[in-house]
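Biologist: Got a minute to go through this model with me? Put it up and I'll start asking.

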Amino acid sequence: MKATGIVRRIDDLGRIVIPKEIRRTLRIREGDPLEIFTDREGEIILKKYSPVGELGAFAKEYAESLAQTAGHITCILDKDHIIAVSGGPKKDFLEKHISDAMEECINSRNTLNAKRSDGNFVPVLDDESDESYNYQLVTPIISEGDVIGAVMFLSQDKKMGEIEGKLAQTAAGFLAKQMEQ
């Protein structure tokens, strides 16, 4: 654990303010859910809560099934990072933070089917390490009215068609239903 040197007091209602610099760095916004953990040494740990991340192993298996069916690299994302990858190199994507542009794309609630040269292609990661992929299809996962993540297909040489679009929509709908249970 890394010390920040910042000290805050708890107010009379039991609240504590997380400094703006830390919120910005960790991409925590007003209304974001935080999960609270404690350990035996008396430490309190706040972690940004990811409803899609709760699917864990299920999301991994589902991504594998989608990759086999679609024939494309398949990723399942929450609104911060990629939680499952199949059909491609996991080290390039798994647990990496998504770009701000990808977060905006997901929050738009619209499916994006883009080619890199079209100009509407959205970088997947902050570090631009995804430059070898020329086609993408991103479908948001919407559960109980809230955008919680996305299903994404990536390809180097094959444009996504209507079938991939329907497959991604079906997958996003299924994952949303899993979150509602």
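Biologist: Is K60 buried or exposed?
Modeller: In between: K60 is partly exposed, with a relative accessible area of 42%. Buried means under 20% relative accessible area, exposed over 50%, and partly exposed in between, using a 1.4 Å probe and protein chains only. Bear in mind that this is a predicted model: local features need pLDDT of at least 70, side-chain atom pairs count only at pLDDT 80 or more, and totals for chains, interfaces and linings use all residues. Residues are numbered from 1 along each chain as its sequence is written, and side-chain values use heavy atoms, with hydrogens and water left out.

Biologist: Which residue does K60 form a salt bridge with?
Modeller: E64, with the closest N and O atoms 3.7 Å apart. A salt bridge here is a side-chain nitrogen of Lys or Arg within 4 Å of a carboxyl oxygen of Asp or Glu. Both residues sit in helix α2 (residues 56-70), four residues apart, about one turn of the helix. Helices (H or I, at least four residues) and strands (E, at least two) are DSSP runs, numbered from the N terminus.

Biologist: How many salt bridges does the structure hold?
Modeller: Three. R15 pairs with D11 at 2.8 Å, N to O, and D92 pairs with K91 at 3.5 Å.

Biologist: Switching to α4, which residues are buried there?
Modeller: M102, E103, C105 and I106. They fall within an arc of 160° seen down the helix axis, so they line one face; the arc is that of the directions from the axis to the C-beta atoms.

Biologist: And what follows α4?
Modeller: R109, whose phi is positive, near 70°, although R109 is not a glycine.
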